[in-house]
Amino acid sequence: MQARGRGTAPPPLGIALEGDLARRIDVALAVAMLNGFATKSEARSIAFSISRPSLKTAQIADVLAGFYAGRPLGGSAMIGMPEGEPAGDDTPFLNTLLAIKGADGTPQYTSNIRRPLDTADDCVLIRNVLLAQNDGNASIVLAGPATGMVRLLELYGSRPQISVKVKQLVVAAGSFPAGAAEPSIKSDVAAARKLFAEWPTPLVAVGSEVGTALPYPGSSIEKDFAWATAPHPVVDAYRAFKPMPYDAPAAALAAVLYAVHPGDDYFKLSEPGTISVLDDGRTQFTAGAEGKHRYLIVDPAQKDRVIKLYTDMVSAAPAPRGGRGRGAMPEAEE
Amino acid sequence: MGIITGKAIPRRTFLRGVGAAAIGLPFLDAMSPAFAFRAAPPVRLAFLYVPNGIDMKNWNIEQEGAFSAAFPRVMKPLEAFRDDMIQIGNLTHNSGRALLDGAGDHGRCSGSYLTGIQVKKTTVDIKASISCDQIIANKIGDQTRFASLELGMDDSRQAGDCDSGYSCAYTNNLAWRSETQPLPPILDPRALFERLFGTGVVLSPEEAARQARYRRSILDFVIGDTKKLQTSLGPTDKRKLDEYLSSIREVERQLEKAEKENQAVNPGMDKPYGVPPDFAEHFKLMTDMMLIAFQADMTRVVTFMMTREGTSRSYREIGIADGHHPCTHHQGKPDLMEKVTQINEYHTRQLAGFLERLKSTKEGDSNLLDNSMIVYGAGLSDGNRHLHEDLPTLLIGRGGNHFKPGRRVIFRKETPMCNFHLTLMDRMGVPTEHFGDASGPLEAASLT
């Protein structure tokens, strides 16, 4: 497969994000951050999927994606969601957010996603958008269970396509070089094990220790979104997720930042090696020159720079949209 | 042959005559041994393809589940068959999208429709993939006289640029025997008739005209065999045979009429000799013969490109002088949108006639429609914006008491059309693990 886009300069790197939006506020922040990079033409958001079957989560994902796509509240985006019956997977934060009422007493955030049918199978969606990217001009950020990524791997014929299209997979899950079992890994140990064992491109892990050391400051939510004259779903999601004030662990933001700017020294990078997953969900890194895995290491000297970039990008206003628009189609490079 | 002998007439009996004339037979009671287990009629599959997308606002039935409300405009002519069809929503052909290949949605959408892959953008060294109908034909084609039939009504050019650098081979064919070998459709009803009943030789217009002056019905050539068979049939089978032979005679009459009209309208025309000038008449002839081919089990697999993808054909029959394709790029202009709706409606009216004939053709305890899977659809949904998702798709017939029609079934967004193809292949007795970009067959419970 060759790069076949028109023109001379390739478009900015495409990022497909899949995350456990119901349980991790850093996934909502990551959506916002991708918008920030898009405003600077440093990245394109090409797909957004949630990690578990949950209608309410899909609705919130739709609200977020719609907000940054410039659609009026209540629009409908192409949201990926794994196969399976949505059951018992709604977290209180989702209900809180969806229960917020506007001035007229109607729900402030509504979505046209009313049934699972209104979403796409996450692995098919990601496969489809990858095919619309130039070779090596896409990265995937996973901030949740590996279930969907493994299904993507298992789609017939997808491995060679992934190898060609995907520059790297950045996984915001686990603890490195070792630590307690992290929830995203623990929720599907088998999938995580398969992902680390079989993913065909370079893979960089961002452990929970990075998210804790470089949190998103709650103070930013209070002061950096003053530009928003209408309700802002990320601000309201942040407030709904936990009682304020709090700083949110933000491994997903580190993962997005690294995916977009891998060479800009925001972080240190481990030597190459192999990540394995123990039965209890703990991750283990074994160094080895042949390994395809690395993990991010916090560079204390860069902490302020990183946090400043987080807040600047996450609080950016929606990128202006041009063109004729093509409905809810996945974003291609043309 | 006696009326009840306990010895069945073979299913593949032909009425043979002088020359190469041979007429297959419909399913007769005498083909099952008396009092023995009656074999289920075969399942047939036909793809009827319409170009340039469909007016989706007047196509999609809003409510999921059993049809309850009135059909929207384009579906309206099919009201009589609401209990015979499933309207399927959200099937997508990602391979039809640009995927870095730029303009050419028409070339891609028809090229990928049954092949399930992104076709190579070229006008020279064409490359697609074997189509799902041909996978089926390869497996079961030896059970019928023709492994498959490829029909069309518009244009069978195989060379040249038909859409932004895409070969006409992509826009004008649905069936592909291999990745480089499309199967051009038969456009001329006379050629199809000869293929089904005659020598298979397509005559030049001059020769055909000369022969027509002396033409006798093909039924005359097989009269000896016909009489012999009739003596061995019971009254029901006799009636069935009479009806069947009459339908062949009717096709002959239509052909003769079309040929006379063509001569009168334009004796020097370059149009195939037997092609009626009127779209509806042409469609009826082609589908009448498709029906006979199904009825006599000459084939179980048909692809029918009603008009080529991207066609700019006008529809003066219904007062539309503008080309179909330009109309679909209406940019929201109400007059052009109305014309698109009318064209789409005109197509479904023709389809309704075909369905009526299938349904009224008895076969065992059921009818030909029940034992068929007629897939009607397009490779684009919104022709104005060239969308490749939510492709308009009807599955008509029960596929041999397998599907439960009478409802709208919506799958998840981005569900590959190839998943549907897997489902159809499976029902045709050709289970296939992988095809195109399929992620797996459609959820059986949704359709059965």
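**Exercise 1. Two helices in chain A**

Task: In this predicted model, work out how α2(A) and α3(A) are oriented to each other, and which residues meet where they pack.

Solution:
- Start with the geometry. Helix α2 (residues 55-68) of chain A packs against helix α3 (residues 92-99) of chain A at an angle of about 50 degrees, and their axes are 10 Å apart.
- Next, classify the angle. Angles under 35 degrees would count as roughly parallel, and 65 to 115 as roughly perpendicular. The value of about 50 degrees falls in neither range, and α2(A) and α3(A) are therefore oblique to each other.
- Add the sense of the crossing, which is left-handed.
- Now look at the residues. From α2(A) come A:K56, A:T57, A:Q59 and A:I60, and they meet A:L94, A:L97 and A:L98 of α3(A).
- Finish by sorting that contact by class: 4 residues are nonpolar, 2 are polar and 1 is charged.

**Exercise 2. The surroundings of a proline**

Task: Find where A:P217 sits, decide whether A:P217 is buried or partly exposed, and list its contacts from beyond the local sequence.

Solution:
- Locate the residue first: A:P217 belongs to the loop that links α9 (208-213) and α10 (218-223) of chain A.
- Then count neighbours. A buried residue needs 20 or more other C-beta atoms within 10 Å, and an exposed one has 12 or fewer. A:P217 has 18 within 10 Å, so A:P217 is partly exposed.
- Set aside the neighbours within four places in sequence, and the contacts of A:P217 are A:D247, A:I307 and A:T311.
- For a view of sequence against space, take A:A248: A:P217 is 31 residues away from A:A248 in sequence, while their C-alpha atoms are 6.7 Å apart.

**Exercise 3. Following a sheet through chain B**

Task: Trace the strand pairings that involve β11(B) and β16(B), using B:L48 as your guide, and check how covered these two strands are.

Solution:
- Begin with β11. Strand β11 (residues 301-305) of chain B has 5 of its 5 residues buried, so this strand is largely enclosed by the rest of the structure.
- Check the faces of β11(B): B:V301, B:T303 and B:M305 are buried on one side, and B:V302 and B:F304 are buried on the other.
- Step to the partners of β11(B). With β3(B) there are 5 bridges, and the two strands run parallel. With strand β6 (residues 149-152) of chain B there are 4 bridges, again in the parallel sense.
- Pin these pairings to residues: B:F304 is the bridge partner of B:L48, and B:L151 stands opposite B:F304.
- Move on to β16. Strand β3 (residues 44-50) of chain B runs parallel to β16(B), with 7 bridges joining them. Here B:L48 stands opposite B:Y376.
- Continue from B:Y376, which stands opposite B:L394 in β17(B). The pairing of β16(B) with strand β17 (residues 393-396) of chain B is antiparallel and spans 4 bridges.
- Close with burial: in strand β16 (residues 372-378) of chain B, 7 of its 7 residues are buried. Both of its faces are covered, with B:S372, B:I374, B:Y376 and B:A378 on one side and B:M373, B:V375 and B:G377 on the other.

**Exercise 4. The partners of β5(B)**

Task: Give the direction in which β5(B) pairs with β17(B) and with β18(B), and name a residue pair for each.

Solution:
- Note the burial of strand β5 (residues 85-92) of chain B: 8 of its 8 residues are buried.
- With β17(B), the pairing is antiparallel over 4 bridges, and B:I86 has B:L395 as its bridge partner.
- With β18(B), the strands run parallel and 6 bridges join them. B:Q87 has B:R408 as its bridge partner there.

**Exercise 5. Backbone angles to inspect**

Task: Locate the cis peptide bonds at A:P177 and A:P245, and the positive phi values of A:D265 and B:N401.

Solution:
- The bond from A:F176 to A:P177 is cis, with omega near 0 degrees. A:P177 lies in the loop between β6 (166-171) and α7 (183-186) of chain A.
- A:M244 and A:P245 are joined by a cis bond too, with omega about -5 degrees. The loop between α11 (233-241) and α12 (251-260) of chain A holds A:P245.
- A:D265 has phi near 60 degrees. With 12 C-beta neighbours inside 10 Å, A:D265 counts as exposed.
- B:N401 has phi near 55 degrees and lies in the loop between β17 and β18 (407-416) of chain B. Its 13 C-beta neighbours inside 10 Å make B:N401 partly exposed.

Note on methods: Residues numbered from 1 in each chain as written. Chains lettered and ligands numbered in written order. Predicted model: local features only at pLDDT ≥ 70, side-chain atom pairs only at ≥ 80, totals over all residues. Contact = placed C-beta atoms within 7 Å. Axes fitted to C-alpha atoms, helices over the stretch in contact; angles between N-to-C directions. Parallel < 35°, antiparallel > 145°, perpendicular 65-115°, else oblique. Left-handed = near helix turned anticlockwise from the far one by under 90°. Nonpolar A, V, L, I, M, F, W, Y, C, P; charged D, E, K, R; others polar. Pairing = 2+ DSSP bridges.
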